[in-house]
Amino acid sequence: MLGACAKTSSGIEEEGGNKHVHFLYNFSTNSLDPHVDSSYVPLRAGITETLVKLDEEKLTVTPWLAESWEGKDGQHWTIKLREDVTFQNGKKMDAEAVKASLERALKESVAVQNALKIDHIEAKGYTLNISTKEPFPEFISELVNPNVSIIDVTEEDIVKNPIGTGPFTLKSFTPGSKLELERYDDYWDGASNLDSVTFSFNEDANARSLALKSGNVDIVYRPEVESLETLESLDGIKVESTATFRVHQMTMNMERKSLQDVNVRRAVDALIDRKEIVDTILLGYGEPAIGPFLPSLPFAPSHEKRASGIDAAVKYLEEAGYTLKNGKMQKDGEPLQFTLLTYGARADLPLIAQVFQSDAKQIGIEVEIRQIDIPEEYMASNRDWDLATYSNLTAPRGDAGYYLNATYHPTGALNFSGADQPELTGIIDKLNQTVGQENRALLAEQAADYVHENVINSFVLHPSTIVAYNDKKVKNWVTTRSEYYMITNKLDVK
């Protein structure tokens, strides 16, 4: 991670004498294809941009590469593009280029097809005319999705060197390790003051904290929680935390026989000691979750507190026909056992899995914890598991539609539980065709209530996003709730 450094008269260390920032992220990636990769690194690193972006304060969609849009009937959309945007190879970003990029995203990703519902696209000059397969009032908000970033699809190596419209162009990419980025001088929104950025990866939270402490990096995403007090005590280190649109959940594979019984799912839910997990694992940097959405969001329903704890779990299991015999919870002579998936890129998830394993053991349930690398890939292609600790953005577009469609609709890209309930699908389909925010909020609450009542997944906590950085050097860093916008043209050094 170390490069040749020089000190300026201001005392700021800069790589090679240039204005440079080193950002250390918690997820690694081997691909930079923005249309299919779930890491969203091209957007986060400032290489690519989308047609619209999220205003995180107002929870509204605002123009980005698109200047304006209109679609009064919710099905036929006219999008006016900015006319001053160029790709990092100097080519103009006109409607034909954007059409080609969107069509590639649709071709490469079934998830994008399901999310956008596009029937056809017409391009003329700097105007796009897009028709969706059905009325879809929230179509524009889905264009916030990093997987529909606009790139020049005529370039040869999109996996390792996508050409976007952002403030930084890729100099080199070492898969699983780092990106080296350079300022794009002709960036449409004003060139960055930085000359270069290193965007590197380390999935070890302790190693990330040590890298900042030693001065090897300037900004660390999600440092180890246990190290925060030490980091804050260091001269010049600033720690920021913000509530996010994220939930840590216990995903339930409803294709497994035992979990097809709602009382077994209720027992799993009852075993999760949310407050204890927040206090001991996150050291208070989060809040217990009742549902998928932060309580402050307008579409988050309020639920009555459900019975929890070991006694409640045993009662639910008894209702499901289980009894504790010879120290094992069993039914018809078959012991209740779970295979629980977890992954280390989010350091708190394996710890949550261990707490659950320990609590389940107290009532005779054996839990095998299986560590995996890329949860989305594994859960989508393997059904040999029962439970999974998983972390999901639930309102990154400022709306409930994204999460509900992705996680509970039969066509959803993140429907790892295998949910296929006609009543729930009907509510989501109605939500997709509803315009007014009040009516949308009511439908979103209905869907969340259904998920809660039927315990399709169990929600553990809403973690805070924590970022630590060298405040003596870094200028204009913003810790976002959406977790999308990181390396921007505003980022600077003092």
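Start with the cavities: this predicted model holds 1 cavity of 30 Å³ or more. The space inside the largest cavity comes to about 40 Å³.

To see its walls, select Phe136, Glu138, Ser141, Glu142, Asp399, Gly401, Tyr402, Asn405, Asn432 and Arg440, the residues that line the largest cavity. Color them by class and you'll get 2 nonpolar, 4 polar and 4 charged residues. Now switch on the cartoon. Helix 4 and helix 12 each bring at least two residues to this lining, and helix 12 gives the most, with 3 residues.

That makes helix 12 the next stop, so select residues 401–408. Is this helix enclosed or open? Helix 12 is largely enclosed by the rest of the structure, because 8 of its 8 residues are buried. Click along and you'll pass Gly401, Tyr402, Tyr403, Leu404, Asn405, Ala406, Thr407 and Tyr408, buried residues of helix 12.

What do they pack against? Bring up helix 4 (139–142), strand 15 (246–252), strand 22 (387–393), helix 13 (422–432), helix 14 (437–454) and strand 23 (457–470): the buried residues of helix 12 pack against these elements.

Two backbone oddities round off the tour. First, go to Tyr40, in the loop between strand 3 (20–25) and helix 1 (41–44). Its phi is positive, about 60°, although Tyr40 is not a glycine. Tyr40 counts as buried because its relative accessibility is 13%, and the cut-off is under 20%.

Then jump to Glu483, in the loop between strand 24 (474–475) and strand 25 (492–493). Glu483, again a residue other than glycine, has a positive phi near 65°. With a relative accessible area of 0%, Glu483 is buried.

Key. Residues numbered from 1 in each chain as written. Predicted model: local features only at pLDDT ≥ 70, side-chain atom pairs only at ≥ 80, totals over all residues. Heavy atoms only, no water. Buried < 20%, exposed > 50% of the residue type's maximum accessible area, 1.4 Å probe, protein only. Helix = DSSP H or I, 4+ residues; strand = E, 2+ residues; numbered from the N terminus. Contact = heavy atoms within 4.5 Å. 1 Å grid on protein atoms, 1.4 Å probe; cavity = no way out; pocket = protein on both sides within 12 Å on 5 of 7 lines; lining within 4 Å. Points joined across faces, edges and corners; volume = space filled by probe spheres on them. Nonpolar A, V, L, I, M, F, W, Y, C, P; charged D, E, K, R; others polar.
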